[in-house]
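The following report looks at the packing of one chain, beginning with a single residue and moving outward to its cores and one bent helix.

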Amino acid sequence: MNDGSDPKDRNFVSALARGLDVLSCFRPHETVLSNQDIAARTGLPKPTVSRLPNTFPSPDSLAIHPRTRPSRLRAGVLSRVSGVLSGLPVTDRAAVTMRSLCDNGPNRYVTCALAERHRFEMIYVAVQRSTEDVSLTMSVGSRLPLFFSAVGRAVLVAMDPAEREAIFSQARDADPAGFDRMEMRFEAAEADYRKLGYCRSFGEWREDVNGIAVPVRALGVAGIYGLNIGGPAFLVPADVLEADYAADLIDAARVISMQPEQGPYENRTAKP
């Protein structure tokens, strides 16, 4: 994995970066990975991967099977991550607003989530799921593609141009063949955001899922979050999201951001 950090920077601690790479390659519902899996996902040499688990600060973080030597996440890591997430003021502010957004709308099958960018992915840091039997099975820690989800593109369109260009440059280097498609999707999202005040993804990230999203510039927090709402396409049609939730989603982002009036969303229109 490469997020553009410069290993030659004297402030860069390569061992720590590699350790964090190992932890971040575990996906939702995965607790065990082989060294081969970790090497493939991080790009690190297998001998390096085999040594890294021994350098973690305590045995409650990453366990190693004595014979087969797969790495397994233990409760220590989960408790540390949970503490970080619960301590973020933006997630506290978001929880009530997101719940209200879901409860006060006409569709019982919507799920609302707040996400933060990590490299070329968006990671959910807060989720309000539908309580219906049929709903999106998303939770805190779930990941979506940065360029091919409404919530990812909502963050991209709100970025400082220089920061966005750096990400585009990294994406071009990482996937030259797919970059034109990324750029095309972004341009469409940018046009949507200028016209509507939100970004859309109808059956694109997954063909059975519809969603719309807006950026959140949280007061006192560096960076930009994405706030989305959506659900199973056959229960949450695109026109329902746009007609019944878009304006409220924009208002929810303003509340979470603690922005007066319409804050950074002056270009939004009335409900379609």
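Which residues does alanine 158 touch, not counting residues up to four places away in sequence? Alanine 158 touches Pro215, Arg217 and Ile224, where contact means heavy atoms within 4.5 Å. This is a predicted model, in which local features need pLDDT of at least 70 and side-chain atom pairs count only at pLDDT 80 or more, while totals for chains, interfaces and linings use all residues. Residues are numbered from 1 along each chain as its sequence is written, and side-chain values use heavy atoms, with hydrogens and water left out.

Alanine 158 lies in helix H6, helices (H or I, at least four residues) and strands (E, at least two) being DSSP runs numbered from the N terminus. Alanine 158 is buried, with a relative accessible area of 11%, since buried means under 20% with a 1.4 Å probe, protein chains only.

The largest nonpolar core (buried Ala, Val, Leu, Ile, Met, Phe, Trp, Tyr and Cys residues joined through side-chain atoms within 4.5 Å) has 31 residues, and Tyr124, Phe147 and Leu156 have the most contacts inside it. The elements below each supply at least two residues of this core.

| Element | Residues |
|---|---|
| Strand S4 | residues 111-118 |
| Strand S5 | residues 121-128 |
| Helix H6 | residues 150-158 |
| Helix H7 | residues 161-174 |
| Helix H8 | residues 179-196 |
| Strand S8 | residues 209-216 |

Helix H6 gives the largest share of this core, seven residues. Apart from this core lies another, of 30 residues, including Tyr198 and Ala246.

Just after H9, methionine 258 takes a positive phi of about 60°.

Notes: Buried < 20%, exposed > 50% of the residue type's maximum accessible area, 1.4 Å probe, protein only.
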